[in-house]
Amino acid sequence: MDSNRLERTQWLTSFRQHWPTIEFSVDLFPALAEKWLASPAFRKDTAEQIEVIAERYRQGGVHLPEHYAVEKADELKRGHKTLSYQWTLIFYYVAILKKIMELRTAEEGMLRLAEISSAQVPRASALLSLGALSLYLRSRQDVKLTGDSDRAYSHVQRFFSFQPGKKGEENHINIPYLRNRALDLALFYFWPVRDIQNRKPHGQPVVITEDKALHSLVFRILPLMYMPGSTGLAIPVAIAIDEFEPVERATFEKWRSRINVSFQPPADDATKRQRLENLYRLARTCTDRHDERQALDEVWQDWSLPGIPYAGS
């Protein structure tokens, strides 16, 4: 489940009512990772807070080992640098996608996205696919998904639009905007890197979320695929073409094919760090506003550098 559902376990009752005979397990780690990265208070007494959460799930009938809280707290501490790296990567992609969505035409934005997909930056294939989908729907704003009364592009607009006064957001890119959108996308991005973390999902994965963008657009159109032994040479998302009307299916597949999927994983920590710095600088060049560049500088100094190899070198 996503972090908004982590501490609200009422969904367990509904789940059991719908599938009374299905055996299932609950993976709290993605939501715990979000909480770990976003909340200094959670990092202070992690095991204690996880135990409170875990007990709620036990009371809901979910089996969690006796030392679950301590084990997960240790896992979060050990993985802090990796999690921080992945987290700030999403920040920069959010900024890039937001700015290319503001370019004069969707075609201009797609040309820019294709360039980024070939740049020496961390290749977040899932987010590149989301960018391609968003730009495609901008170019064809009359498109509706199967059975949906709303224009598909309206979901994109709602997700990327600024919400001044809500959770610290203003009418431009700032830290709260980047953090809020990154939280929304963290679950989407988390799944493609699970094989890297040797956390293979068991059975049929089900996502528990109330997030409208994830439910109505992202997971609906771009369901994630687990790829055992993946070497990073393919985009780990499928296209749910049946969600489009037949006339749109081949058109979108051709549109997304413009993204470069060939990718060589970094050979060492120095390359890994340099690629993240390249992504930060690329995001910076996408805006000419001083306050937006200042926000990206703050992400780099306060979020990225402490979590990447050779920080401060």
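Which residues does leucine 113 touch, not counting residues up to four places away in sequence? In this predicted model, the list consists of Leu97, Ile100, Leu128, Gly131, Ala132, Leu135 and Ile259. Leucine 113 lies in helix H8, and its relative accessible area of 1% makes it buried, because residues under 20% fall in that class. Between the C-alpha atoms of leucine 113 and alanine 295, the separation is 22 Å in space and 182 residues in sequence.

The wider setting is the nonpolar interior. The largest nonpolar core holds 96 residues, and the members that touch the most others are Leu28, Tyr57, Leu137 and Phe188. The element that gives the most to this core is helix H7 (residues 80–101), with 14 residues. In soluble globular proteins, nonpolar side chains tend to be buried together. Tyrosine 57 offers a view of the surroundings of one such member. With its neighbours within four places in sequence left aside, tyrosine 57 is in contact with Met1, Arg5, Leu6, Thr9, Trp11 and Leu12, and also with Val26, Leu28, Val62 and Leu64. Leu28, itself on the list of residues that touch the most other core members, is thus among the contacts of tyrosine 57.

Phe188, another residue on that list, leads to a pair of packed helices. Two packed helices are described by the angle between their axes and the distance between the axes. For helix H11 (residues 175–190) and helix H12 (residues 212–221), the axes come within 12 Å and cross at roughly 35 degrees. The crossing of H11 past H12 is right-handed. On the H11 side, the contact is made by Asp184, Leu187 and Phe188, and H12 contributes Leu214, Val218 and Phe219. Sorted by class, the contact of H11 with H12 comprises five nonpolar residues, one charged residue and no polar ones.

Helix H13 (residues 246–256) shows how burial can be arranged around an axis. Its buried residues are Glu248, Phe252, Trp255 and Arg256. These residues lie on the same side of H13, because they cover an arc of only 85 degrees around the axis. An α-helix has 3.6 residues a turn, so residues three or four places apart point the same way. Exposed residues Pro246, Ala250 and Lys254 are carried on the face of H13 turned away from its buried side. The cover over the buried residues of H13 includes helix H8 (106–117) and helix H9 (125–139). H8 is also the helix in which leucine 113 lies.

Arginine 249 is a further residue of H13, and at 26% relative accessibility it counts as partly exposed. Its contacts, leaving aside neighbours within four places in sequence, are Ile241, Asp242 and Phe244. From arginine 249 to isoleucine 239, 10 residues apart along the chain, the C-alpha separation is 9.0 Å.

Alanine 69 and glutamine 157 provide two other helical examples. Alanine 69 is found in helix H6 (residues 68–78) and is buried, at 3% relative accessibility. Not counting residues up to four places away in sequence, alanine 69 touches Ala47, Ile50 and Glu51. The C-alpha atoms of alanine 69 and threonine 13 are separated by 23 Å, with these positions 56 residues apart along the chain numbering. Glutamine 157 has its place in helix H10 (residues 152–160), where a relative accessibility of 37% makes it partly exposed. Glutamine 157 and aspartate 2 are 155 residues apart along the chain, and their C-alpha atoms are separated by 22 Å.

One backbone detail completes the picture. Most residues other than glycine have a negative phi. Lysine 167, although not a glycine, has a positive phi of about 55 degrees. The place of lysine 167 is in the loop between H10 and H11. With a relative accessible area of 60%, lysine 167 is exposed, because that class covers values over 50%.

Methods. Residues numbered from 1 in each chain as written. Predicted model: local features only at pLDDT ≥ 70, side-chain atom pairs only at ≥ 80, totals over all residues. Heavy atoms only, no water. Buried < 20%, exposed > 50% of the residue type's maximum accessible area, 1.4 Å probe, protein only. Helix = DSSP H or I, 4+ residues; strand = E, 2+ residues; numbered from the N terminus. Arc of directions from axis to C-beta. Contact = heavy atoms within 4.5 Å. Axes fitted to C-alpha atoms, helices over the stretch in contact; angles between N-to-C directions. Left-handed = near helix turned anticlockwise from the far one by under 90°. Nonpolar A, V, L, I, M, F, W, Y, C, P; charged D, E, K, R; others polar. Core = buried A, V, L, I, M, F, W, Y, C linked by side-chain atoms within 4.5 Å.
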